[in-house]
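This report describes the architecture of a protein chain and the charged and nonpolar features of its surface. The sequence and structure are shown below.

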Amino acid sequence: NFNLFRLESTHEIREDFQDQLPRMKPFLNEDGATEFSGTARMAIRLQDLEVTTVKRPKVGEKVPAEVRAEIKINLTGVLPHVRVEWDQLREHDVIFLVRMEAPAEPYQGKLADLTVSEFPKALGISCVRGAEIVELLDEEGNVISDPNPAER
């Protein structure tokens with residue numbers, strides 16, 4: 001059943017968020033901006049995000065048909081085994097972009113006890129977007145996701 005699959009997927013994503021996001025240890029600095037004092041294996045701060053294309057909504061819909069963006073991350077300083085995991089990302093893999101704004105008072109309780117509606121507020125999650133990897137580039141802008149660039 002598709003609905004059951006969707007619910008199970010949503011639950012697994014939430015469990016990943018519950019595991020990874022608290023490890024980032026978000027806090028508010030003196031200027032009121034969110035910073036992170038911790039690290040998580042597959043959670044990393046974006047270096048840059050640039051929206052490159054927004055397609056018009058399909059007939060009868062209000063959301064864009066497609067949004068393309070270029071995301072830049074910096075893996076300098078991550079542990080070698082974590083770097084290997086990031087390097088294994090390929091075209092069509094799904095990633096999640098999470099906007100976090102550290103709450104004024106960090107949540108001290110058990111995250112598993114929170115309801116679905118309480119969870120984002122306790123962690124300071126203001127936005128979550130799923131994204132599909134279309135292309136991977138190296139530092140110089142060369143395509144590294146194509147197994148054989150000569151065939152292009």
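Which strand supplies the largest share of the nonpolar patch? The model examined here is a predicted one, and the answer is β3, with four residues.

## Nonpolar surface patch

The patch consists of L46, L49, V51, V54, V67, I71 and I73, which lie on the surface and together present about 530 Å² of accessible area. Two strands, β3 (46–55) and β4 (66–73), each provide at least two of the patch residues.

L49 is one of the patch residues and is located in strand β3. Its relative accessibility is 40%, so L49 counts as partly exposed. Patch membership requires over 30% relative accessible area, and the value of 40% for L49 satisfies that cut-off.

## Overall architecture

The secondary structure of the protein chain comprises three helices and six strands. In sequence order, these elements follow the pattern α-β-β-β-β-α-β-α-β. The C-alpha trace spans about 55 × 45 × 35 Å along its principal axes.

Of the 152 residues in the protein chain, 19% are buried. Among contacts with a separation of 6 or more, 51% are between residues 24 or more positions apart. The exposed area of the protein chain is about 11800 Å², and carbon and sulfur atoms contribute 51% of that area.

## Charge distribution

The protein chain carries 19 positive and 28 negative charges, and the mean positions of these two sets are 5 Å apart.

A patch of negative charge on the surface is formed by E8, E12, E15 and D16. Of these residues, E8 belongs to helix α1 (residues 2–20). With a relative accessible area of 42%, E8 is partly exposed; the cut-off for inclusion in a patch is over 30%.

## Salt bridges

How many salt bridges does the structure hold? There are seven. One of them pairs D19 with R23, with the closest N and O atoms 2.7 Å apart. D19 has a relative accessibility of 33% and is therefore partly exposed. R23 is likewise partly exposed, its relative accessible area being 44%.

A further salt bridge links D87 to R83, and here the closest N and O atoms are 3.4 Å apart. Both residues of this pair, D87 and R83, lie in helix α2 (residues 80–87), where they are four residues apart, about one turn of the helix. D87 is partly exposed at a relative accessible area of 39%, and R83 is partly exposed at 34% relative accessibility.

## A further pair and a network

R99 and E101 also form a salt bridge, in which the closest N and O atoms are 2.9 Å apart. E101 counts as partly exposed, with a relative accessibility of 39%. In addition, K55, E66 and R68 are joined into one network by salt bridges that share partners.

The strand boundaries given above place K55 within β3 (46–55), and E66 and R68 within β4 (66–73). These two strands each supply at least two residues of the nonpolar patch, while salt bridges connect K55, E66 and R68 in the network.

How values were computed. Residues are numbered from 1 along each chain as its sequence is written. This is a predicted model: local features need pLDDT of at least 70, side-chain atom pairs count only at pLDDT 80 or more; totals for chains, interfaces and linings use all residues. Side-chain values use heavy atoms; hydrogens and water are left out. Patches are made of residues with over 30% relative accessible area and no salt bridge: like charges are joined within 9 Å, nonpolar side chains (Val, Leu, Ile, Met, Phe, Trp, Tyr) within 5 Å. Accessible areas come from the Shrake-Rupley method with a 1.4 Å probe; for residues, only the protein chains shown count as cover. A salt bridge is a side-chain nitrogen of Lys or Arg within 4 Å of a carboxyl oxygen of Asp or Glu. Lys and Arg count as positive and Asp and Glu as negative; His and the chain ends are not counted. The place of a charge is taken as NZ of Lys, CZ of Arg, CG of Asp or CD of Glu. Buried means under 20% relative accessible area, exposed over 50%, partly exposed in between (1.4 Å probe, protein chains only). Contact means heavy atoms within 4.5 Å.
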